[in-house]
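Dear colleague,

I am passing on the structure below, together with some notes on what turned up when I went through it. Please read the notes with the coordinates open beside them.

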Amino acid sequence: MPYFISGVTADHQNLIARTPAQFKSMNDIDVKTRHRVMAIDPAGHTVTVRDLQTGHEYLEGYTRLLISTGAEAFVPPSRARSWRACSLFAGSPTPCE
Ligand SMILES: Cc1cc2nc3c(=O)[nH]c(=O)nc-3n(C[C@H](O)[C@H](O)[C@H](O)COP(=O)(O)OP(=O)(O)OC[C@H]3O[C@@H](n4cnc5c(N)ncnc54)[C@H](O)[C@@H]3O)c2cc1C
């Protein structure tokens, strides 16, 4: 993101290190973008997945599950939280306040 905003590159495609197709061809990994895991059933070894483009939900089985959902930015108490120019760079798109 900093490279795009600062103008190092004008094409955001240059910032994609590896596409889903490359994950498949290089590592045999199926990458599903715009899909959200809605629920986990540890006993049944399944996750409920929603296709965010169609709204369709389905079960996906797993042998082992690695949860790596990232993190939300921590905003410490500060007067800056009320500044209109203050917003988070990742996570919630809402202003800090
Ligand atoms: C502006 C910025 C610049 C950075 N620059 C650098 C850098 O130059 N070098 C560096 O080493 N690090 C950098 N970092 C840090 C780096 O991006 C993070 O440490 C890293 O991305 C964390 O990886 P992660 O897999 O834990 O989480 P993420 O990359 O946040 O991935 C988590 C993914 O899980 C998905 N997810 C969440 N919930 C669900 C769900 N229910 N179902 C399906 N998917 C879900 C999210 O959509 C997301 O795609 C930067 C971070 C930021 C914000």
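**Notes on the fold**

Please keep in mind throughout that this is a predicted model, and that what follows is computed from it.

I begin with the overall layout. The secondary structure of the protein amounts to two helices and three strands, and, read from the N terminus, these elements follow one another as α-α-β-β-β. The domain assignment places residues 1–30 in domain 1 and residues 32–64 in domain 2, and the C-alpha centres of domain 1 and domain 2 are 25 Å apart.

As for overall dimensions, the radius of gyration of the protein is 18 Å, whereas a compact globule of 97 residues would be expected to have one near 13 Å. Along the principal axes, the C-alpha atoms occupy a box of roughly 50 × 35 × 25 Å. Burial and contacts can be set beside these values: 0% of the 97 residues count as buried, and, among contacts between residues at least 6 apart in sequence, 3% join residues at least 24 apart.

Turning to the helical part, I looked at α2, which spans residues 20–27. Of its eight residues the number buried is zero, so helix α2 lies largely in the open. Just after α2 comes D28, which takes a positive phi of about 60 degrees.

The strands make up an open sheet with the order β1-β2-β3 and antiparallel pairing. Its edge strands are β1, covering residues 35–41, and β3, covering residues 57–61, each of which pairs on one side only. From one strand to the next, the twist averages 30 degrees.

Taking the two pairings in turn, β1 and β2 run antiparallel and are joined by six bridges, with R36 standing opposite R50 in β2. Strand β2, made up of residues 46–51, pairs with β3 in the antiparallel sense over five bridges. Within this second pairing, T46 has G61 of β3 as its bridge partner, V47 stands opposite E60, and T48 stands opposite L59. As to burial in β3, none of its five residues is buried, so β3, like helix α2, lies largely in the open.

Both connections between the strands are hairpins, and each has a residue with positive phi that you may wish to inspect. The hairpin of β1 and β2 has four residues between its strands, and H45 in the turn has a positive phi of about 55 degrees, although H45 is not a glycine. H45 is partly exposed, because 14 other C-beta atoms lie within 10 Å. In the hairpin of β2 and β3, where five residues lie between the strands, G55 takes a positive phi near 80 degrees.

A further backbone feature is found ahead of the sheet, at R34, which belongs to the loop between α2 and β1. The phi of R34 is near 55 degrees, again a positive value in a residue other than glycine. R34 has 9 C-beta neighbours inside 10 Å and therefore counts as exposed, given that the cut-off for an exposed residue is 12 or fewer.

Which residues does L52 touch, once those up to four places away in sequence are left out? L52 itself lies in the loop between β2 and β3, and the residues it touches under that condition are R34, H35 and R36. The C-alpha atoms of L52 and R34 are separated by 5.4 Å, although these two residues are 18 apart along the chain. L52 also counts as exposed, because it has 11 C-beta neighbours inside 10 Å.

To bring the main points together, the picture is of two helices and three strands, with the strands in an open antiparallel sheet of order β1-β2-β3, in a protein whose radius of gyration is 18 Å and of whose residues 0% count as buried. The places I would point to when you open the model are the positive phi values at D28, R34, H45 and G55, and the contacts that L52 makes with R34, H35 and R36.

With kind regards

Methods. Residues numbered from 1 in each chain as written. Predicted model: local features only at pLDDT ≥ 70, side-chain atom pairs only at ≥ 80, totals over all residues. Buried ≥ 20, exposed ≤ 12 C-beta atoms within 10 Å, placed from the backbone. Pairing = 2+ DSSP bridges. Axes fitted to C-alpha atoms, helices over the stretch in contact; angles between N-to-C directions. Domains from an automatic or database assignment. Rg over C-alpha atoms; globule rule 2.2 N^0.38 Å. Contact = placed C-beta atoms within 7 Å.
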